[in-house]
Amino acid sequence: MRLIRTVAPVAALLCVSFALVGVGAGFSTAKTTRSVLYGVNDDAWLVHGPGTLEARLDELDRLGADVVRYTVRWDKVARARPDSPRQHADSAYRWSEPDAVLGGLRRHGIEAVVTLYGAPAWSNGGRAPNWAPSSAESFASFAYAAARRYPWVRHWTIWNEPNRPTFLRPTSAKTYVEKLLNPAYAQLHAAIDGVRVGGGVTAPRGGSSGVGPVAWIRAMGAARARLDAYAHHPYASNPQRETPWGPKCVNCQTIAMADLERLEREVDRAFGPKRIWLTEYGYQTNPPDVYLGVSPSEQATYVASSALRVYRSASVDMLVYFMVRDDGAPAGWQSGVRWQDGSAKPSYAAFRMPLIQTARRGDLVELWGQVRPRSGAQPFRVWREDGDRAGWLGGSRVTDANGFFTINVSAGAGSRLRIWSPRDAAYGHEIEAR
């Protein structure tokens with residue numbers, strides 16, 4: 001989730017229409033209903049943000065997050081060595097923070113994908129949390145204890161971006177598989193029926209001293225990794241030049257969102273048919289990030305178009321955006337749907353109710369979108385503004401059971417379109433018809 005701030009600034013931005021590279025020119029006739037989980041990852045805001053935890057959970061309800069990625073830190077929970085491999089008593093583990101967060105998400109009906117990360121010093125010879133434990137059994141015991149504590153959590157991922165030394169040393173796929181992934185996989189499955197465990201959780205680039213995700217996936221396969229899904233963070237290498245659709249990099253060792261098909265091929269070759277979880281993704285905005293940020297309107301477009309990109313994939317089950325609220329420090333991460341002061345960016349509406357033009361035929365345009373808050377079919381209307389004219393396009397419409405819709409409306413080039421959700425008393429992401 002971390003881009004290095006040495007990328008040179010780009011003088012010109014690509015036009016917004018490039019965000020739709022790969023979207024067909026003809027009208028879609030597909031009737032298949034997809035079930036995709038869209039969510040957020042922002043541990044700092046969720047645990048320590050302004051107001052109460054309950055207020056922040058209410059905000060996730062309003063945002064329409066299906067899933068929240070949350071990290072349970074082994075080094076924070078297990079500060080002392082347990083007395084036995086299966087011990088999970090309070091004397092060994094301190095569960096208060098994850099109890100509050102995961103219990104709150106459960107109470108609000110929001111799925112959690114839990115990441116287990118961070119080795120305590122007693123497990124790795126006194127080293128930092130990014131060093132692998134000396135014994136695979138120690139991490140396996142923690143995974144079992146966490147699963148026993150939170151048996152309702154069905155999605156788990158093991159470690160964070162282990163292909164970079166920032167998060168795992170030694171930075172070796174064999175170490176990752178043998179010391180972390182496979183032991184945790186076995187214990188999570190032993191503790192929870194029907195659990196799904198994601199492995200990999202790779203950064204899109206290895207950096208100067210890491211391992212690129214293509215080589216990492218192949219090495220995990222050679223090490224006989226056990227996983228139910230492959231998790232990846234498909235951030236753009238150069239956000240000011242790359243959209244969720246392109247340009248693609250056919251022979252690169254990196255894997256961004258534009259290279260989703262290559263990720264699917266590499267995972268299939270290494271592990272056989274597996275599901276794909278995109279557990280961290282986003283674009284920073286300028287302001288405040290003048291080096292790596294895109295404009296707020298471009299960020300909103302990319303949030304919406306990446307949702308369509310994932311929807312059209314047969315293998316991706318979830319897309320998690322990082323983050324809810326921008327960091328306060330200028331050098332921090334600035335990809336939130338809210339500014340640091342709490343006010344909404346355009347991407348807030350794009351997350352709640354994404355809207356994308358997917359085709360045109362004469363005066364008719366095809367629109368794809370979703371109403372995310374709540375579950376089940378949702379009513380909505382389409383609002384058009386065209387010069388001095390403005391009004392509703394038809395009456396009330398209804399999404400499918402997962403909140404998605406594909407509709408045809410009359411709109412000339414340059415018309416402004418957005419949807420209205422009466423249950424939210426709010427408009428969604430506004431687009432300009434092409």
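This text leads the reader through a predicted model, from its barrel to its open sheet, its empty spaces and its disulfide. Because the model is predicted, local features need pLDDT of at least 70 and side-chain atom pairs count only at pLDDT 80 or more, while totals for chains, interfaces and linings use all residues. Residues are numbered from 1 along each chain as its sequence is written, and side-chain values use heavy atoms, with hydrogens and water left out.

The barrel comes first. Here 8 strands close into a barrel in the order E1-E2-E3-E4-E5-E6-E7-E8, with parallel pairing. From one strand to the next, the twist averages 25 degrees; such angles run from 0 to 180 degrees between N-to-C directions, along axes fitted to C-alpha atoms. Strands (E, at least two residues) and helices (H or I, at least four) are DSSP runs numbered from the N terminus, and two strands pair if DSSP finds at least two bridges between them.

Strand E2 shows how such pairing works on both sides. Strand E1 (residues 37-40) is joined to E2 by 2 bridges, and the two run parallel; Gly39 stands opposite Val67 in E2. With strand E3 (residues 111-117), E2 shares 7 bridges, again in parallel, and Val68 stands opposite Ala112 in E3. Of the 7 residues of E2 (residues 67-73), 6 are buried, so this strand is largely enclosed by the rest of the structure. Buried means under 20% relative accessible area, exposed over 50%, and partly exposed in between, with a 1.4 Å probe and protein chains only.

Strand E2 also contributes to the largest pocket, which holds about 560 Å³ of space. Of the 28 residues that line this pocket, the closest to its centre are Asp43, Ala44, Tyr70, Thr71 and Arg73. E2 gives the most to the lining, with 5 residues. Among the other elements that each supply at least two residues are helix H1 (43-48) and helix H4 (96-107). The lining divides into 11 nonpolar, 6 polar and 11 charged residues.

A pocket is an open set of points on a 1 Å grid, with protein on both sides within 12 Å along at least five of seven lines; a cavity is a set where a 1.4 Å probe fits but cannot get out, and lining residues have an atom within 4 Å of a point. A volume is the space filled by probe spheres set on the points.

The structure holds 2 cavities of 30 Å³ or more. About 50 Å³ of space lies in the largest cavity, and its lining includes Tyr281 and Tyr321. These two residues are also bridge partners, Tyr321 lying in E8. Strand E7 (residues 275-281) and strand E8 (residues 316-321) pair in the parallel sense over 4 bridges.

Beyond the barrel, an open sheet of 3 strands has the order E9-E10-E14, with antiparallel pairing. Strand E9 (355-361) and strand E14 (404-410) stand at the edges with a single partner strand each, so one side of each is left without a neighbour in the sheet. Strand E10 (residues 364-370) is joined to E14 by 7 bridges, and Trp368 stands opposite Thr406 in E14.

Finally, a search of the whole structure finds 1 disulfide, a disulfide being a pair of cysteine sulfur atoms within 2.5 Å. This disulfide joins Cys249 to Cys252, with 1.5 Å from S to S. The torsion about the S-S bond is about 45 degrees, so the disulfide is right-handed. Cys249 is partly exposed at 26% relative accessible area, and Cys252 is partly exposed at 24%.

Notes: Ala, Val, Leu, Ile, Met, Phe, Trp, Tyr, Cys and Pro count as nonpolar, Asp, Glu, Lys and Arg as charged, and the others, Gly among them, as polar.
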